[in-house]
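Welcome, and please have your viewer ready. We will go from one selection to the next and say what is there at each stop.

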Amino acid sequence: MIRSGQTIENPVTGERITFLKTARETAGEYVLVEAAVAPGGGVASHVHPYQTEEFEVLSGSLEFRKDRDKVVAGDGDSVTVDPGTVHRFKNIGEDEARFIARVSPALEFESFLETMFALAADGKTNKKGMPNPVRMAVIANAYFDDVRAPLVPGAIQKAALAAGAAVGRLMGYQPAYVPTPAVQQPATAVA
């Protein structure tokens, strides 16, 4: 469970997120994070069907794509992404970009990020930060109200994800990924 002050990192997408306010603290109204994105880092196009994302750039230069519009935002700029809008962002500067993001309502946004970042940190994603398609079907099916692929109608996505998720669960995949702690080797006596 995510706590305020906790930081998670995604080495594949170049993101580091610190949770400032959690869903538990806001009664599910919103999640507030501070994000840092490495040069060239960012997220692929996606849609939040029921959530609004509000970004306030603290430093750096970010390019947002909102549907067909391109918005370049720098220090002090704000960008709002309404529910149902296809969007992505990328750090187009030479330095780390930092921003505050408010996602409302919270839904399961925290758990989704925690899962995707942990998979990337454990080397279980491709170079775009995506797990294998069967595992992704299990995850996307569970977080369908939080995030969806762009352009494909929701009903078609849901049908495909339900089928893929059934196969994925048979293979042992779960919607939330929790890394297995490293096994401690017993100490050996020195003679």
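**Stop 1: the aromatic rings**

A search of the whole structure, which is a predicted model, turns up six aromatic pairs. Start by selecting F55 and F64: their rings form a tilted pair, with 4.9 Å from centre to centre and 55 degrees between the planes. Both F55 and F64 are buried.

Now keep F64 and add F89. The ring centres of F64 and F89 are 6.0 Å apart and the planes stand at 50 degrees, so this pair is tilted. Because F64 lies in strand β6 and F89 in strand β9, the pair ties together parts that are 25 residues apart in sequence. Colour by accessibility if you like: F64 has a relative accessible area of 1%, and F89, at 6%, counts as buried. Add F99 to complete the view, since F55, F64, F89 and F99 form one aromatic cluster.

**Stop 2: the sheet around β6 and β9**

Switch to a cartoon and select strands β4, β9, β6 and β7. In that order they make up an open sheet of four strands with antiparallel pairing. At the edges are β4 (42–46) and β7 (69–73), each of which pairs on one side only. Look along the sheet for the twist, which averages 20 degrees from one strand to the next.

Zoom in on β6 (residues 62–66) and β7: these antiparallel strands are joined by five bridges. Which residue of β7 is the bridge partner of F64? Select V71 to see the partner.

**Stop 3: H87 and its surroundings**

Go next to strand β9 (residues 87–91) and pick H87. Is H87 buried or exposed? Its relative accessible area is 2%, and anything under 20% counts as buried, so H87 is buried. Show side chains here, and you will find a polar contact of 2.6 Å between the side chains of H87 and E53. Beyond its neighbours within four places in sequence, H87 is in contact with several residues, including A44, S45, H46, R65 and V81.

**Stop 4: strand β5 and its two partners**

E53 is a good place to turn to β5. In β8, the bridge partner of E53 is V81. Strand β8 (residues 78–81) and β5 pair in the antiparallel sense over four bridges. Now select β10 (residues 97–104): β5 (residues 52–59) pairs with β10 in the antiparallel sense too, over seven bridges. One of the places to look is S59, whose bridge partner in β10 is R98.

**Stop 5: charges over rings**

Select R102 with Y30. R102 lies over the face of Y30, at 3.8 Å from the ring centre. Then try R148 with F144, where R148 lies over the ring face at 3.7 Å from its centre.

**Stop 6: the backbone in two loops**

Finish with the backbone. Most residues other than glycine have a negative phi, and most peptide bonds are trans. With that in mind, select S104 and P105: the peptide bond from S104 to P105 is cis, with omega near -5 degrees. P105 sits in the loop between β10 and α1 (109–121). L107 is also placed in the loop between β10 and α1. The phi of L107 is positive, near 45 degrees, and at 38% relative accessibility L107 counts as partly exposed.

For the last selection, take A27, in the loop between β2 (15–21) and β3 (31–37). A27 has a positive phi as well, near 55 degrees, and with a relative accessible area of 76% A27 is exposed.

Methods: Residues numbered from 1 in each chain as written. Predicted model: local features only at pLDDT ≥ 70, side-chain atom pairs only at ≥ 80, totals over all residues. Heavy atoms only, no water. Pairing = 2+ DSSP bridges. Axes fitted to C-alpha atoms, helices over the stretch in contact; angles between N-to-C directions. Buried < 20%, exposed > 50% of the residue type's maximum accessible area, 1.4 Å probe, protein only. Polar contact = N/O pair within 3.5 Å; in protein donor to acceptor, adjacent residues only side chain to side chain. Contact = heavy atoms within 4.5 Å. Phe/Tyr/Trp six-rings, centres within 6.5 Å; stacked < 30°, edge-to-face > 60°. Lys NZ or Arg CZ within 6 Å of the ring centre and 35° of its normal.
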